[in-house]
Each structure stands twice: as structure tokens, then as C-alpha cells.
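Please examine the sequence and the structure shown below. The paragraphs that follow lead through selected helices, the places where they meet, and several individual residues.

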Amino acid sequence: MVEITTKADVIAGSGIVRQPVTWYCYLLLAFFVFMLTLQGNILPFLKQELNLNYRESGLHASAIAVGAIIVGFTGDKIADTFGRRHMLVIGTLVCSVGALLLCVAPAAWASIAACGILGLGASLLPTAAFAILADVHGERRTVAINESSVINYGLAVIAPLLTSLCIAMSFGWRTAVVIGALYGVCLVVVFWRLKVPEPHQASGMTTTHLPSSYWAFWSAISFVVAIEFCILLWSPAYLEQVVGLGKAAAAAAASAFVLAMFTGRLAGSFLARIVAVERLLVAQLAVTLAGFLIYWNFKLPAIAIAGLFILGLGVSTLFPLTVGLAMGTATSRTNAASARATIAFGVALLVTPPLLGSLADEVGLRVAHWLVPVLTVGALCAFVIGRALKARPS
């Protein structure tokens with residue numbers, strides 16, 4: 001574990017020392033999630049202004065996913081070349097520039113390109129931040145990643161509220177984007193002199209490959225991210241077309257998933273301190289399946305929404321738990337491990353929501369939602385394989 005001499009904020013009984021660099025990572029990861037969420041919130045307005053069709057609208061999310069995948073293949077080399085500190089600064093500024101370019105985009109090609117730039121910059125942040133948290137907090141890395149995810153979803157909830165407030169006050173949606181970009185720049189300025197730990201052993205020694213257990217846990221990451229995006233993007237349509245709610249009511253009811261994600265991550269940040277990660281992950285997968293069965297089996301709106309909430313509670317900590325497990329296998333190659341985890345995020349975002357949509361075209365939206373339990377079982381299998389590989393003698 002990297003030793004840092006900076007004065008730390010020790011939280012009694014938590015087993016984790018929150019240092020200034022920890023808070024820097026937390027706030028930058030929150031910035032990352034805030035900007036991605038904000039992009040989704042402004043897309044309907046952008047669609048109307050630029051007269052985009054559905055295919056062009058979907059390409060905005062695809063551009064972000066492609067940016068994440070590119071960073072996944074190159075992020076460790078960027079970290080090794082420029083250092084993690086500069087990587088965080090570059091990522092924040094590039095993300096902010098992409099967001100500002102989105103505000104002045106005159107056509108679809110420009111707004112899609114802006115999202116690609118935003119995705120490239122934003123994806124540099126978790127690549128460096130997860131590696132830093134893993135090195136700084138060692139065996140308590142999962143607690144730290146869980147705590148960061150709580151702040152992430154807190155700002156994810158604020159993003160639509162900020163957009164609505166700016167529009168209600170006649171400032172327009174662009175004001176919300178500019179505020180988000182300024183938040184990122186302010187973080188860079190405030191933490192400019194902060195020392196960021198670099199690995200003791202240069203991770204540029206690429207002859208040492210990530211272990212097979214890492215790739216099993218990497219698969220689990222891709223599965224759980226896929227579950228989250230499938231529900232986030234398709235639950236409003238499901239509640240409308242299958243459960244029978246109106247468009248406005250379905251959109252409002254779908255927020256039960258976001259609320260559950262925030263609640264679950266808040267609880268998970270405490271549970272991760274007292275429950276073994278492996279047991280907690282299996283329990284969360286079980287809750288995910290139980291919530292899905294309630295959500296899918298009942299067309300009574302109140303029960304379906306309750307099932308969606310339980311489903312959100314289950315999904316809430318899956319990402320930080322699987323990331324923590326994957327990073328725990330990386331030893332000195334935390335830069336590479338964190339970068340490759342970004343590929344899992346990008347692939348899940350790029351492939352799975354369109355896959356569910358294609359299935360819905362063929363067999364209907366209700367039956368297509370069985371992709372969710374399939375992904376859940378896949379995550380469980382990947383976890384079991386990863387644990388077995390990790391326990392295998394070298």
C-alpha cells in the first residue's frame with residue numbers, strides 16, 4: 001500500500017483513513033458520473049433543437065462508450081507517461097471542453113463528436129482514481145470505492161434537478177452544463193498542489209500480465225454494468241408499455257430505481273466494512289434476482305414499482321464490489337487493471353441496451369427483460385470462477 005504523509009481524516013471504527021487524495025478521487029469520480037448523467041438529461045432538448053432522429057440520438061451514448069473503450073486500452077500507458085496527477089487534470093479539462101463543445105454544436109456530427117471528447121476525458125478519471133484508491137487503501141479498497149459510489153449517485157440525482165431548475169429560471173439547459181464544467185475546473189484548481197501517489201514499481205513493465213482471476217472479475221464488472229444500464233434506460237418504457245402507466249407517470253416511477261441505487265450504495269458503504277466482500281456480493285445478486293421477479297411478474301403498478309426499487313437495492317453495490325475484487329488481484333499493475341475495467345464499462349454501455357432493444361423488437365419488451373436475470377447469473381458465474389482462480393496456487 002502506498003504510504004502518504006499527508007494529514008489524514010481518520011473515521012473511527014470504519015477501518016479506512018480518508019486522506020486529501022481520497023477526497024480528491026471521490027469528488028472527481030462524482031464529477032465523472034455527474035457529467036454522464038447530465039448528458040442524458042439534456043439529450044431530449046438537443047434532439048429537438050438539432051432535429052435528431054432516434055439513431056442519431058443513440059449515437060451520442062455510443063460515442064461516450066467508444067471513448068471509454070479507447071481509454072481502457074491506453075489509460076495505463078497515459079498514466080505511466082504523464083503520471084496519475086496529470087492524468088486526472090487532463091481528464092477533467094478534456095471532459096469539460098467536450099461538455100462546452102456540446103453546448104455550441106450546430107449539427108448532429110458536432111454533438112456526437114463532442115460526446116466522444118467528453119467520453120474520452122471523463123473515462124480517464126476512474127482509470128486513475130480507482131488505481132489510486134486501490135493503492136492508498138489496500139485491503140479496504142472496496143470500502144473506499146463504495147463510499148465514492150455514494151457521492152456519485154448523489155450528484156447523479158442532482159443532475160436532472162439542476163437541469164430542470166436552470167430551465168425553470170429561463171437560463172436554459174446549457175447553463176447546467178457550464179456549471180458542471182466549472183465544477184470540474186474548480187476541483188483542479190483547489191487540488192492543484194496535492195501530491196498523488198504513483199506506484200512504487202512502474203506499471204510500464206508490461207511483461208507481467210494481469211492474472212486470469214482479474215479477467216474473471218472483469219467479466220463480472222461488465223455483467224453488472226450491463227444490468228444497471230438496461231434498467232436505467234428501459235424501465236420507463238417497460239412501466240409504460242407493460243405495466244400500463246402513462247408516459248409522465250412511467251418516467252416518474254422509474255426514478256424509484258435511481259433512489260434505490262443511492263439508498264443501496266449509502267447502506268453498502270457501511271456494510272462493506274463489516275461483511276466480507278464475497279458474501280455481500282452474493283447477497284446483492286440474490287436481492288437483484290428477487291427484485292426482478294417482483295418487477296417482472298406483477299402488472300399492478302404499486303407492486304411493479306416496489307419490485308423495481310428492490311431491484312435497484314440489489315444492483316446498487318454490484319459495480320463497486322466487483323471493481324474492488326478486480327483491483328485486488330492486480331498487485332503492482334493497478335494502472336492497467338483500472339484502465340481495463342473502463343473497457344468493461346464501455347462495452348456494457350455500447351452493447352447491452354441496444355441488445356435488449358433488438359430483443360424487444362423480436363419477442364416483446366416483457367420477454368426481452370429476461371436478459372437481466374441472465375446477466376445476473378453470468379455475474380455470479382464470473383465471480384465464482386474468479387474466486388476459484390484467485391485461490392489457486394501460483
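The model is predicted. A convenient starting point is Ser-338, which is located in helix H12 (residues 334-363). Ser-338 is buried, its relative accessible area being 1%. Apart from neighbours within four places in sequence, Ser-338 is in contact with Pro-126, Thr-127, Ala-128, Phe-130, Ala-131 and Met-327. One of these partners, Met-327, is itself among the buried residues of helix H11.

Helix H11 spans residues 318-327 and is mostly covered, with 10 of its 10 residues buried. They are Leu-318, Phe-319, Pro-320, Leu-321, Thr-322, Val-323, Gly-324, Leu-325, Ala-326 and Met-327.

A second buried position is Ile-64, in helix H2 (residues 54-82). The relative accessible area of Ile-64 is 4%, and the residue is buried. When residues up to four places away in sequence are not counted, Ile-64 touches Leu-36, Gln-39, Cys-115, Leu-118, Gly-119 and Leu-349. Ile-64 and Ala-122 lie 58 residues apart in sequence, while their C-alpha atoms are 8.8 Å apart in space.

Helix H9 may be considered next. H9 (residues 277-297) contains 21 residues and reaches 30 Å from its first C-alpha to its last, close to the 30 Å expected at 1.5 Å a residue. Its buried residues are Val-277, Leu-280, Leu-281, Gln-284, Leu-285, Thr-288, Gly-291, Phe-292, Tyr-295 and Trp-296. Viewed down the axis of H9, these buried residues fall within an arc of 135°, so they line one face of the helix. The general geometry of helices is relevant here: an α-helix has 3.6 residues a turn, so residues three or four places apart point the same way.

H9 also packs against helix H10 (residues 301-316), the two axes coming within 7 Å and crossing at roughly 165°. Angles over 145 degrees count as roughly antiparallel, and H9 and H10 are therefore roughly antiparallel to each other. The crossing of H9 past H10 is left-handed. On the H9 side, the contact is made by Gln-284, Val-287, Thr-288, Gly-291, Phe-292, Ile-294 and Tyr-295. H10 contributes Ile-303, Ala-304, Gly-307, Leu-308, Ile-310, Leu-311, Leu-313, Gly-314, Val-315 and Ser-316.

Two further helix pairs can be described in similar terms. The axes of helix H3 (residues 84-103) and helix H6 (residues 173-190) come within 9 Å and cross at roughly 165°; H3 and H6 are therefore roughly antiparallel to each other. H3 passes H6 with left-handed crossing geometry. The H3 residues in this contact include Val-89, Thr-92, Leu-93 and Ser-96, and those of H6 include Trp-173, Arg-174, Val-177 and Val-178.

For helix H5 (residues 141-168) and helix H8 (residues 247-274), the axes come within 8 Å and cross at roughly 160°. H5 and H8 are therefore roughly antiparallel to each other, and their crossing is left-handed. Among the H5 residues that meet H8 are Val-143, Asn-146, Glu-147 and Tyr-153, and among those of H8 are Met-261, Phe-262, Arg-265 and Arg-273.

The final residue, Ser-170, is found in the loop between H5 and H6. Is Ser-170 buried or exposed? Ser-170 is exposed, with a relative accessible area of 66%. Its phi is near 65°, a positive value in a residue other than glycine.

Definitions and conventions
Residues are numbered from 1 along each chain as its sequence is written. This is a predicted model: local features need pLDDT of at least 70, side-chain atom pairs count only at pLDDT 80 or more; totals for chains, interfaces and linings use all residues. Side-chain values use heavy atoms; hydrogens and water are left out. Helices (H or I, at least four residues) and strands (E, at least two) are DSSP runs, numbered from the N terminus. The expected span of a helix is 1.5 Å times one less than its number of residues. Buried means under 20% relative accessible area, exposed over 50%, partly exposed in between (1.4 Å probe, protein chains only). The arc is that of the directions from the helix axis to the C-beta atoms. Axes are lines fitted to C-alpha atoms, for helices over the stretch in contact, and angles run from 0 to 180 degrees between N-to-C directions. Angles under 35 degrees count as roughly parallel, over 145 as roughly antiparallel, 65 to 115 as roughly perpendicular and the rest as oblique. A crossing is left-handed if the near helix is turned anticlockwise from the far one by less than a right angle, and right-handed if clockwise. Contact means heavy atoms within 4.5 Å.
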